[in-house]
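Reader: Before we discuss individual assignments, may I see the structure and then hear how the terms are applied to it?

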Amino acid sequence: MRPEIGEYHYDWLISGTLDAASRFPMGSPKETDSAYRYVPYFKGILKSFVDTGPPGIQFLGLLARYYENILSAKKTGKNIVGTTFCSNPSIYYVMDMVPATFEILTAIGAMVWKRGMFDYMDFCCELGMPETSCSAQRGALGTQLAGLAESADILICDTPGVCDTNANAFAFASAYLEKPYFQLNYPSTLGDRRSQQYHLDDYQAMIRFIEDHTGKTLDYDRLAGHIREIDRQDALTAEMEDMLLLKPTPIPPIFTLMIYAGRFCFSGHPEYTKLLEIMVETARERMKAGVPGLRSGKEKLRVVMCYIDHYTVDMNFYHYFEERGIALTGSILTRNFRDGNRYVADMPDSAYHIDTSSPAAMLDTIAQMNARMPMVRSIRGPYDRPGMWLSETLACARMYQADCVIYNGTPGCRNTWGMVKPFARDLEKNGYPVHIMYDDGFDDRVESWSATRERLDEFFHVRGLL
Ligand code: SF4
C-alpha cells in the first residue's frame, strides 16, 4: 500500500464526505447549483442523487447514517459485526450490534472515490489473499486489515457452499485480525424439509454464537418489532415491483439500486422504511402524472440484470441506462422473495413468509428470510434446478417483459463463471438475447468504464435492440 494512503482513516474520511453530501441539498435549488463549483471532485455523484429528488437525498442520508453508526459503535458500547450482503442485518440491530457489510462499503467507495478502492483491494493481496478473490469484499476488508477502519469485533458470513471466495475472505479476516468467526452453511437445495430445518438449526447456533461473544441475549419483543417493520418494508417494495411492470415504468434505474442497498444496510430498521415511503410516493406521483422513470422520457428497451450491477464512479452505470432510454427492471439483488410477490408464483419454495405469533415462529421467519437473500437463494445449487438461477431469471424476464438479459459480476466470481455460458445459452433458447459483461463490478482497472459502455452499445446494436 502506498504510504500516503495510510495517512487517512478511511471510515472517518468517507463518513465525513457522506455526511457533508447529505447536507448539501439543504439550501434552495439555486444555492445547491452554485455550490457544485466548490466540490468538483464529488459533483458527479452528488448530482446523481440530488437530481433524483427527495428519494436520492434521503438515500444519501441513509448512507451517512450507516457510517455514523460504524464510527460511533465503540463509543456507544456496541460490537461491530463484519458481514456480507447476503446476510439480513436486522438480527444484528435486534442484538444491539452495528453491521459493517463489506460489499456495501466497497461499492460506496467505488462510486464515490475517483481513485476507487484499488489500494485497499491490493493490500489484501499483499497480505496473502489471491488476486482472483472477489473484489466486493477486498475493498472494505483492505481498510480493516490495514487498520484504517473501525475494526470488526466478530465476523459472520453465510456463503460456504455458495461462494467460497466470499467465505474465504471472512476466514482470512478472522485469522489475520484474530476475531471470532461464525459461518452459516447453506445446503444446495432450498425449500425441502431437511434444508429448512438445517437453516433454522444453523441460525439458532449463530444466535448462540452472538450471545456468547457479545454478552447480549435475544429479545423476542424487539425481534417482533423488527419483523413487523420488514413486513411494512416488503409491502412498499411490492408496490414498486408492481410499478416496474408498467410500460413505461415510472421507476427510474437508480431506484432499483436504492431498493437493495437500503435493505442491505437497514432491513427492519425505520431508516429504510422512510426511504421506501419516499420512493413509493415519488413513483406514485409520476405514475399518476404519466411521467416515465427515465428522464429522456422514452422507454426504448427493458433490461433484467441477472446478477449484480456495475458500481463504477459517479453512478455512471445508471446514467447509461437513462441516456440510452433503457428501463432497468432490477437485478438478483433487487428482489426480496417475499411470498405473495408475483415472480415467486412458480417458485413457492423460494419465498419466505412472516409469522410473529411465537418466538419459534419468529426464529423460523428470520432464518428462512436470511436463506433467501440474493446469491445464497438461487446460486446455491445447479443453475437449472427448479427455483435456481435460470428459473428465477426467466420468471423475472417474463414478468417484466424484458427485451434482453445482462450478466455482470466480478472476475473472482467462480460460481457464476462456472455456469454462465450454459445459463446464457438456455436464456437465448427462451428468446432472450444475453450480454455477458467482462469487467469487474467494483474495480474499473479490469475493464475501463468507457470500454464497458462501448461493449454494451455494441451488444444492443448487433442484436438489433437499439
Ligand atoms: S458470488 Fe460473486 S459477486 Fe457474490 S460474493 Fe461471490 S464472487 Fe463476489
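Author: Residues are called buried under 20% relative accessible area, exposed over 50%, and partly exposed in between. The model shown is predicted.

Reader: What makes aspartate 96 partly exposed?

Author: Its relative accessible area is 23%. Since the intermediate class lies between 20% and 50%, aspartate 96 counts as partly exposed.

Reader: How do you know that aspartate 96 and arginine 222 meet in a salt bridge?

Author: The N to O distance between their side chains is 3.6 Å, and the criterion is a side-chain nitrogen of Lys or Arg within 4 Å of a carboxyl oxygen of Asp or Glu. The pair therefore qualifies as a salt bridge. Aspartate 96 lies in the loop between helix H5 (90–94) and S2, and arginine 222 in helix H11 (residues 220–245), 126 residues apart. Arginine 222, at 35% relative accessibility, is also partly exposed.

Reader: Why is arginine 2 called partly exposed, and why is aspartate 119 called buried?

Author: Arginine 2 has a relative accessible area of 41%, which falls between the limits of 20% and 50%. Aspartate 119 has 14%, and buried means under 20%. These two residues form a salt bridge, with the closest N and O atoms 2.9 Å apart. Arginine 2 lies in the segment before helix H1 (10–23) and aspartate 119 in helix H7 (residues 118–126), so the salt bridge ties together parts that are 117 residues apart in sequence.

Reader: What makes glutamate 323 exposed and arginine 324 partly exposed?

Author: Glutamate 323 has 54% relative accessibility, and exposed means over 50%. Arginine 324 has 24%, a value between 20% and 50%. The closest N and O atoms of this pair are 3.7 Å apart, within the 4 Å limit, so the two residues form a salt bridge. Elsewhere, Lys78, Asp96, Lys216 and Arg222 are joined into one network by salt bridges that share partners.

Reader: How do you know that strand S1 and strand S3 pair?

Author: Strand S1 (residues 79–83) and strand S3 (residues 154–157) are linked by 2 bridges in the parallel sense, and pairing requires at least two bridges. The bridge partner of valine 81 in S3 is isoleucine 154.

Reader: Which strands are the edge strands of the sheet, and what makes them so?

Author: The sheet is open, with 4 strands in the order S2-S1-S3-S4 and parallel pairing. Strand S2 (97–101) and strand S4 (181–183) each pair on one side only, and are the edge strands.

Terms used: Residues are numbered from 1 along each chain as its sequence is written. This is a predicted model: local features need pLDDT of at least 70, side-chain atom pairs count only at pLDDT 80 or more; totals for chains, interfaces and linings use all residues. Side-chain values use heavy atoms; hydrogens and water are left out. Buried means under 20% relative accessible area, exposed over 50%, partly exposed in between (1.4 Å probe, protein chains only).
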